[in-house]
Amino acid sequence: MPKPSVTEATNINAEVVLQLGKYHSAQELRKLQAKLTGTAREIRGLTSGNTLLSRIGEKLSDEQIQLLRDAAKLIESVGTNIEHAKEKRHRGEVATKALQKERDSAAKKLITSAYPLPSETLEQKLDIIRLALVLNRAGCFQSFYTSLELSLRFRNYVSDTSKLIGWESPKDFWESKIRSFRNDLHDEVQQYVGVRDGKSVQERFHDIQLKIEKLQPEVLHDPYEIETLRLWSVALSPAEQQEGDQ
């Protein structure tokens with residue numbers, strides 16, 4: 001068997017590059033390939049042409065010039081395999097993006113159907129807040145806040161008067177927050193359901209349903225959450241009703 005040429009990167013192929021660069025995107029691989037191509041071009045500039053670099057290269061020995069040419073070929077060989085890996089990674093990314101788009105679409109249909117979350121009546125608005133508090137405990141909504149922190153943030157919306165600056169009325173601000181809660185709930189739960197973890201969208205949705213069923217009593221009977229809902233109920237109630245409650 002003939003000895004492999006030193007100018008061929010026989011130990012580096014597309015699969016090796018993909019394994020070593022499993023956390024790197026096709027775009028990152030393309031940049032690496034371009035860098036190697038540029039390096040090979042610069043090395044060749046020492047061995048031929050009519051530039052200052054080539055005139056300097058003329059002072060090298062024939063053996064040194066051949067060594068540089070071989071190095072350029074070797075670098076190009078590595079770059080070729082990186083190019084093949086880049087193309088494979090790109091095809092994989094396109095397929096993954098298409099699959100995720102399908103899951104996101106299915107998750108959106110499922111969540112908007114299961115949780116239409118109307119916000120016309122007072123009770124419907126409070127239901128949105130209740131669901132937000134439950135889903136937070138389930139890790140599906142603003143999970144970067146603890147349940148206590150989220151509840152406190154909800155309270156601040158109706159108790160911190162500085163937040164009302166620029167609004168025609170407190171009611172307009174509070175109504176806008178309810179709409180915001182509703183949109184955020186839909187977006188975050190859809191993202192949660194759409195995550196690829198080996199389960200189908202329907203299975204991940206079923207998991208959420210089980211969590212809601214388990215955690216809802218905690219929220220409904222938690223004195224702190226009850227007070228949070230009471231403050232919102234007062235804020236969203238008609239003015240005449242608030243006067244009667246005082």
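Buried means under 20% relative accessible area. I wrote that at the top of my page, since I am going to lean on it several times. I also noted that this is a predicted model.

**Entry 1: Ile 43**

I began with Ile 43, which sits in helix 2. Is Ile 43 buried or exposed? Its relative accessible area is 17%, so it is buried. Next I looked up its neighbours, leaving out residues up to four places away in sequence, and found that Ile 43 touches Leu 68, Ala 72 and Ile 75. One of these partners, Ile 75, is 32 residues away from Ile 43 in sequence, yet the two C-alpha atoms are 9.8 Å apart in space.

**Entry 2: next door, Glu 42**

Then I checked Glu 42, also found in helix 2. With a relative accessibility of 52%, Glu 42 counts as exposed, whereas Ile 43 is buried. I picked Ser 54 as a distance check: 12 residues separate Glu 42 from Ser 54 along the chain, and their C-alpha atoms are 9.8 Å from each other.

**Entry 3: Gln 33**

My third stop in this helix was Gln 33, which belongs to helix 2. Gln 33 has a relative accessible area of 14%, which makes it buried. What does the side chain of Gln 33 make a polar contact with? I found the side chain of Lys 86 there, at 3.5 Å. Not counting residues up to four places away in sequence, Gln 33 touches Gly 79, Ile 82, Glu 83 and Lys 86.

**Entry 4: helix 2 against helix 4**

After the single residues I turned to whole helices. Two packed helices are described by the angle between their axes and the distance between the axes. Helix 2 covers residues 26-45 and helix 4 covers residues 62-114. Their axes come within 8 Å and cross at roughly 165°. Angles over 145 degrees count as roughly antiparallel, and helix 2 and helix 4 are therefore roughly antiparallel to each other. I noted the handedness too: helix 2 and helix 4 cross in a left-handed way. Sorting the residues of this contact by class gave me 12 nonpolar, four polar and eight charged.

**Entry 5: Gly 92, further along helix 4**

I stayed with helix 4 and looked at Gly 92, which lies in it. Gly 92 has a relative accessible area of 34%, so I wrote it down as partly exposed. From Gly 92 to Lys 108 I counted 16 residues in sequence, and the C-alpha atoms of the pair are 24 Å apart in space.

**Entry 6: helix 4 against helix 7**

Lys 108 came up again when I looked at helix 7, residues 170-194. The axes of helix 4 and helix 7 come within 8 Å and cross at roughly 130°. Helix 4 and helix 7 are therefore oblique to each other. This crossing is right-handed. Which residues make the contact? From helix 4 I listed Gln 100, Arg 103, Asp 104, Ala 107, Lys 108, Ile 111 and Thr 112, and from helix 7 His 186, Val 189, Gln 190, Val 193 and Gly 194. By class, the contact of helix 4 with helix 7 holds four nonpolar, five polar and three charged residues.

**Entry 7: His 186**

One name from that list deserved its own entry. His 186 is in helix 7, and with a relative accessible area of 8% it is buried. Where does the side chain of His 186 reach? I traced it to the backbone oxygen of Tyr 115, at 2.6 Å. Leaving out residues up to four places away in sequence, His 186 touches Ile 111, Thr 112, Tyr 115, Pro 116 and Leu 117.

**Entry 8: helix 6 against helix 9**

My last pair was helix 6 (residues 147-159) and helix 9 (residues 223-236). They pack at an angle of about 20°, with their axes 9 Å apart. Angles under 35 degrees count as roughly parallel, and helix 6 and helix 9 are therefore roughly parallel to each other. Their crossing is left-handed. The residues in contact include Leu 148, Phe 154 and Tyr 157 of helix 6, and Tyr 224, Leu 231 and Trp 232 of helix 9. The class count for helix 6 with helix 9 is nine nonpolar, three polar and three charged residues.

Notes: Residues numbered from 1 in each chain as written. Predicted model: local features only at pLDDT ≥ 70, side-chain atom pairs only at ≥ 80, totals over all residues. Heavy atoms only, no water. Axes fitted to C-alpha atoms, helices over the stretch in contact; angles between N-to-C directions. Helix = DSSP H or I, 4+ residues; strand = E, 2+ residues; numbered from the N terminus. Parallel < 35°, antiparallel > 145°, perpendicular 65-115°, else oblique. Left-handed = near helix turned anticlockwise from the far one by under 90°. Nonpolar A, V, L, I, M, F, W, Y, C, P; charged D, E, K, R; others polar. Contact = heavy atoms within 4.5 Å. Buried < 20%, exposed > 50% of the residue type's maximum accessible area, 1.4 Å probe, protein only. Polar contact = N/O pair within 3.5 Å; in protein donor to acceptor, adjacent residues only side chain to side chain.
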